Amino acid sequence: MFATLVGAYPRTPLPGHPFRLRAAYGQLERGEIDAAGFRSVQDDLIRELVAEQEAAGLEPLTDGGIRAEDPLTYVARGLEGFEISGLLRYFDTNTYFRQPRAIAEPRWTRPITVEDWRFAASTTKKAVKQNVIGPYTLGRLSDAGEIAQQRLTLALAEALNHELHALAAAGCPLIQVDEDGATLIGEDREQRALFREAQRILLDGFGSNGTHVSLAITMGNADKSGEDTIFDAPYASYLFDLIAGPDNWRLIARAPGERGIICGVVDARNTALDTKEVLIWAAHYAASTGGRGLARVGLSPSASLEYLPRDRALAKIKVLGEAARLAAMAPSEELAQALDPRAVDIRSAAFGRYAPTARKAAEEAQAAQPAEELA
Amino acid sequence: MTGVNGLWTTSVGSFGKPPELLKARADHAAGRISDQDLDALERAATERWIRFQEEIGVDILVDGEMYRGDMATYFAEEMAGFEIGGLVRSYGNRYYRKPIAVGGIRRTHPITVDFDEPAASARMEELPLVAEAMAIVTDGLEAHAITHICYGDFMRAYPTMLDIPVDQIDLEMTNSNFDLLERFRDIPFTKAIGLGVVDVHSHRIESVDEVVRGIKLALEVLPPDRIFVDPDCGLKTRTVDETEAKMRVVVQAVRQVRNELGIGDELPDGKPTEGRHRGAPVPA
């Protein structure tokens with residue numbers, strides 16, 4: 001049982017603290033600092049964010065995605081064959097990415113994320129994972145230009161397979177492949193086949209080399225893409241957004257029992273604080289499916305926490321870490337005292353917080369009134 | 001085209017803030033200067049932008065939104081029921097303060113007229129909801145109503161976006177390489193268009209020729225009296241110098257095309273048009 005981020009974390013400061021990274025961007029643009037000076041500001045922030053996750057009880061940790069301007073562009077810039085084009089909204093969020101445009105079949109020529117992972121890993125004794133955008137999502141959200149989407153996606157799968165091997169060779173114990181594009185597949189047979197083929201190419205050489213490779217799908221439901229599509233490649237674990245995509249529970253129920261499940265149940269796009277009881281319920285439900293057991297289950301936010309102000313994100317990862325700690329406990333007096341049993345009903349689980357029906361709320365209010373008032 | 005008026009120049013809304021105002025906003029947030037001090041600087045900056053637009057010959061002026069930190073947060077600040085949260089990144093090194101709903105949302109006093117729906121093309125299944133909400137907003141409104149939509153999947157949102165009951169839809173076109181115009185050949189655009197002709201996220205100043213090319217592409221599929229020429233989006237992301245340079249290019253390009261094609265600059269009456277309720281064409 002563990003808790004981890006999906007990947008990104010706010011790069012904004014906590015209230016009352018200076019926003020050094022934003023200032024550094026300006027200084028870099030004006031030529032007041034060089035690339036090394038800018039990187040050292042990023043390094044400081046990564047140390048801070050790694051420590052913040054560690055203190056909240058998370059593991060594996062991430063570098064918060066601080067070095068990437070967006071999930072797609074950072075990898076596209078590192079490959080040969082792309083130019084970077086105009087801004088596009090990322091799914092239905094208020095964040096944007098610059099759309100990569102393929103001008104040739106993409107090629108991997110050098111490691112893109114390895115040094116980033118090495119640095120983050122050097123700041124802690126805990127395990128650090130590295131995110132890599134998946135070939136299907138990068139191919140689908142890019143402008144394929146003259147190279148059709150299928151050719152682009154499969155070439156990306158091959159290119160990113162080199163990146164995964166470079167990370168594994170560097171000692172990265174856990175790689176997370178982000179494939180939000182899986183929510184766009186639906187019942188389209190050609191797209192399903194393309195997704196499967198891309199994942200097989202991407203994972204070529206993995207499965208028995210000791211590196212844990214996880215597939216993360218956020219931003220919506222992927223259940224309509226079919227479990228044959230999602231579970232075809234030999235990923236060791238799967239992270240599903242269960243807030244924007246509650247139907248992903250269907251996939252969890254059908255996931256092979258030997259594969260891990262990370263429940264994305266902390267609402268990454270709502271500032272309201274989540275209820276730990278619901279998170280624990282989610283972890284135990286996922287553990288009960290397919291005879292999986294708690295050892296193969298983790299908890300996470302439903303998506304990148306960059307959609308929230310830093311103080312709200314911090315409050316959420318504290319709940320996340322605490323929920324994972326409690327979920328791992330055997331039934332005990334301490335566990336009983338830490339939980340509010342009223343919070344775990346179907347209605348509250350759907351809302352992600354204790355949400356009694358109007359009738360139940362009225363009954364509880366009445367029960368809470370002093371006896372003399374009721375008389 | 002002699003006798004035809006059109007290709008009116010305008011802006012989406014915001015302009016770059018002068019350095020002294022940026023500093024004053026930071027000072028105000030830290031409690032170092034008063035509301036009145038900030039207000040005076042905002043008014044001075046607003047007047048400066050009005051004079052600038054008059055001087056270069058913009059047809060329909062905007063106030064430049066010197067008093068707004070952000071397009072959404074400003075409205076949340078002025079309404080009851082919101083608390084203003086911390087910074088959230090929108091892209092690159094750009095951030096906004098996240099409004100957090102903490103109670104019933106109420107309008108307590110007049111704010112301004114602004115129907116921006118930048119995210120309208122984000123959830124296709126919710127476009128009918130956007131149209132329904134806009135119908136409530138524009139009900140009985142005796143003015144030319146515009147909505148601005150940007151940085152979404154226009155190809156998928158078109159032509160359903162035409163069902164939004166406004167007289168004009170303002171679209172970023174430079175960012176998407178004017179691709180959507182091609183679709184207008186098959187499915188005609190039924191309203192007036194705000195034609196974005198300069199990129200607001202680039203330091204580079206477009207040439208007049210580039211902007212002329214964009215306007216002429218639009219004229220292949222729309223008459224000049226249904227085209228309003230403007231930047232892709234608010235120019236607040238640019239410096240004052242960049243904002244001025246981009247606006248000058250827009251005005252010069254329009255002047256060149258008007259002269260070349262004999263298009264006049266007499267302004268429309270600002271009344272609601274037939275286009276407001278002219279939705280997506282029914283397929284033959």
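This short presentation covers one strand of chain B, one pocket and one helix of chain A, all in a predicted model.

Good morning, colleagues. I begin with strand β7 of chain B, residues 227-230. Strand β7(B) pairs in the parallel sense with two other strands: with β1(B), residues 8-9, over two bridges, and with β6(B), residues 192-196, over four bridges. In the first pairing, B:Trp8 stands opposite B:Phe228; in the second, B:Leu195 stands opposite B:Val229. Between β6(B) and β7(B) we also have helix α7(B), residues 208-219, and these three elements make a right-handed β-α-β unit.

Are the two faces of β7(B) covered or not? Both are covered. In a regular strand the side chains alternate between the two faces of the sheet. Here B:Ile227 and B:Val229 lie on one side, B:Phe228 and B:Asp230 on the other, and all four are buried.

I turn now to the second largest pocket, whose volume is about 1,200 Å³. Its lining comprises 38 residues, and those closest to the centre are A:Leu88, A:Leu141, B:Gly152, B:Asp153 and B:Arg156. By class, the lining divides into 15 nonpolar, 12 polar and 11 charged residues. The largest share, five residues, comes from β2(A). Other elements that each supply at least two residues include β3(A) and α5(A), together with α5(B) and α6(B).

Finally, consider helix α6 of chain A, residues 149-170. Its 22 residues, at 1.5 Å a residue, should span 32 Å, and the end C-alpha atoms are 31 Å apart, which agrees. After α6(A) comes A:Gly171, with a positive phi near 105°.

Thank you for your attention.

Definitions and conventions:
Residues are numbered from 1 along each chain as its sequence is written. Chains are lettered from A and ligands numbered from 1 in the order in which they are written. This is a predicted model: local features need pLDDT of at least 70, side-chain atom pairs count only at pLDDT 80 or more; totals for chains, interfaces and linings use all residues. Side-chain values use heavy atoms; hydrogens and water are left out. The expected span of a helix is 1.5 Å times one less than its number of residues. On a 1 Å grid over the protein atoms alone, a cavity is a set of points where a 1.4 Å probe fits but cannot get out, and a pocket is an open set with protein on both sides within 12 Å along at least five of seven lines; lining residues have an atom within 4 Å of a point. Grid points are joined across faces, edges and corners, and a volume is the space filled by probe spheres set on the points. Ala, Val, Leu, Ile, Met, Phe, Trp, Tyr, Cys and Pro count as nonpolar, Asp, Glu, Lys and Arg as charged, and the others, Gly among them, as polar. Buried means under 20% relative accessible area, exposed over 50%, partly exposed in between (1.4 Å probe, protein chains only). Two strands pair if DSSP finds at least two bridges between them. A crossover is right-handed if, with the strands pointing away from the viewer, the path from the first strand over the helix to the second runs clockwise.
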